[in-house]
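Please walk me through this structure in running paragraphs. I would like to know how its parts are put together.

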Amino acid sequence: WKVYSYHQDETLLYFPADEGRHPAESVEWWYTVAHVTGDSTGHDYSYMLTYFSYDTLIFDGFRIFNIANETTGEFFEETMPTLYPLLEETHLGINATPLIGAGEEWITLTDSVGNLKPFQYHISAASAYGAIDVDYDAIKPPLIVGDSGFFYQGQSSFTYYYSQTELNVTGTITINDSL
């Protein structure tokens, strides 16, 4: 299963294209949630990062970044208008520039000659309170929600949806300048 192009029979999703932007859609989002334990601290951490593509007059969307030290109970949240210098349509490739802060990315990793590494990603994002710089490597195939990946959101809206339910996570989490 860990190859591109990847498609599960009876589903409507095709990877890597359906990981990327769909320009005909007025609203799209990509999000990740992780619960990890720090190697150096032994503390439990969690974060949620979401990029919304939703054009306005000034911004391309917004970004939500929550980060927590579950061991100490520290929790920080930040929502920021965002520009997207890059939203790839053929695979997952997001470059984001929040209103305040440095550039961020969520990209599919590539090998030494530029070929996509199936279901492997790099994410770097930062807020006023913390940052993540992590790599993901999927252990299981995508879970296609609703069997086909298609489901209605109310009477007139729909979406395609999948989840990656088991990932190896490596990298660095920083909260208030502490690793």
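In this predicted model, the count of aromatic pairs comes to 13. One of them joins F15 and Y162, whose rings sit edge-to-face, with 4.9 Å from centre to centre and 90 degrees between the planes. F15 belongs to the segment before strand 1 and Y162 to strand 12 (residues 162–163), so this pair ties together parts that are 147 residues apart in sequence. The two partners differ in burial class: F15 is buried, with a relative accessible area of 3%, whereas Y162 is partly exposed at 22%. The cut-off that matters here is 20%, because buried means under 20% relative accessible area.

A second pair has another geometry. The ring centres of F52 and F62 are 4.4 Å apart and their planes meet at 15 degrees, so the pair is stacked. F52 lies in strand 2 and F62 in strand 3, with their positions 10 residues apart in sequence, and the pair links these distant parts of the chain. F62 is partly exposed, with a relative accessible area of 28%. Why are two numbers quoted for each pair? A pair of aromatic rings is described by the distance of the centres and the angle of the planes.

F15 and Y162 also take part in a wider arrangement, since ring pairs link W1, Y4, Y6, F15, F119 and Y162 into a cluster. Y4, a member of this cluster, is in turn touched by T108. T108 lies in strand 6 (residues 104–110) and counts as buried, at 5% relative accessibility. Leaving out residues up to four places away in sequence, T108 touches Y4, H91, L92, L116, K117, Q120 and Y121.

Next comes the sheet. Which order do the strands take? An open sheet is formed by 9 strands in the order 1-2-3-4-5-6-7-8-13, and the pairing is antiparallel. Strand 1 and strand 13 stand at the edges with a single partner strand each, so one side of each is left without a neighbour in the sheet. From one strand to the next, the twist averages 20 degrees.

The pairings can be followed from strand 2 onwards. Strand 2 pairs with strand 3 in the antiparallel sense over 9 bridges, and S53 has G61 in strand 3 as its bridge partner. The loop between strand 2 and strand 3 contains I58. Is I58 buried or exposed? At 64% relative accessibility, I58 counts as exposed. I58 and A102 are 44 residues apart in sequence, and their C-alpha atoms are 18 Å apart in space.

Strand 3 is also joined to strand 4 by 9 bridges, and these two strands run antiparallel. N66 has E77 in strand 4 as its bridge partner. The two strands form a hairpin with 4 residues between them, and G73 in the turn has a positive phi of about 90 degrees. On to the next pairing: 4 bridges join strand 4 to strand 5, again with the strands running antiparallel. L86 stands opposite N95 in strand 5, and strand 4 and strand 5 form a hairpin with 5 residues between them.

T82 is found in strand 4. T82 counts as buried, at 0% relative accessibility. Its side chain reaches the backbone nitrogen of R63 at 3.4 Å. Apart from neighbours within four places in sequence, T82 is in contact with F59, D60, G61, F62, R63, A96, T97 and P98. This list includes F62, the strand 3 partner in the stacked pair with F52.

The last topic is the nonpolar core. The largest one has 30 residues, of which Y47, Y51, I67, I94, W106, I132 and I173 touch the most other members. Strand 1 (28–37), strand 2 (44–53), strand 3 (61–69), strand 4 (74–87), strand 5 (93–98), strand 7 (116–126), strand 8 (130–138) and strand 13 (167–175) each supply at least two residues of this core. As background, nonpolar side chains tend to be buried together in soluble globular proteins.

Terms used: Residues are numbered from 1 along each chain as its sequence is written. This is a predicted model: local features need pLDDT of at least 70, side-chain atom pairs count only at pLDDT 80 or more; totals for chains, interfaces and linings use all residues. Side-chain values use heavy atoms; hydrogens and water are left out. A nonpolar core is a set of buried Ala, Val, Leu, Ile, Met, Phe, Trp, Tyr and Cys residues joined through side-chain atoms within 4.5 Å. Buried means under 20% relative accessible area, exposed over 50%, partly exposed in between (1.4 Å probe, protein chains only). Rings of Phe, Tyr and Trp (its six-membered ring) pair if their centres lie within 6.5 Å; planes under 30 degrees apart count as stacked, over 60 as edge-to-face and the rest as tilted. Contact means heavy atoms within 4.5 Å. Two strands pair if DSSP finds at least two bridges between them. Axes are lines fitted to C-alpha atoms, for helices over the stretch in contact, and angles run from 0 to 180 degrees between N-to-C directions. A polar contact is a pair of N or O atoms within 3.5 Å; within protein, one must be able to donate a hydrogen and the other to accept it, and residues adjacent in sequence count only if both atoms are side-chain atoms.
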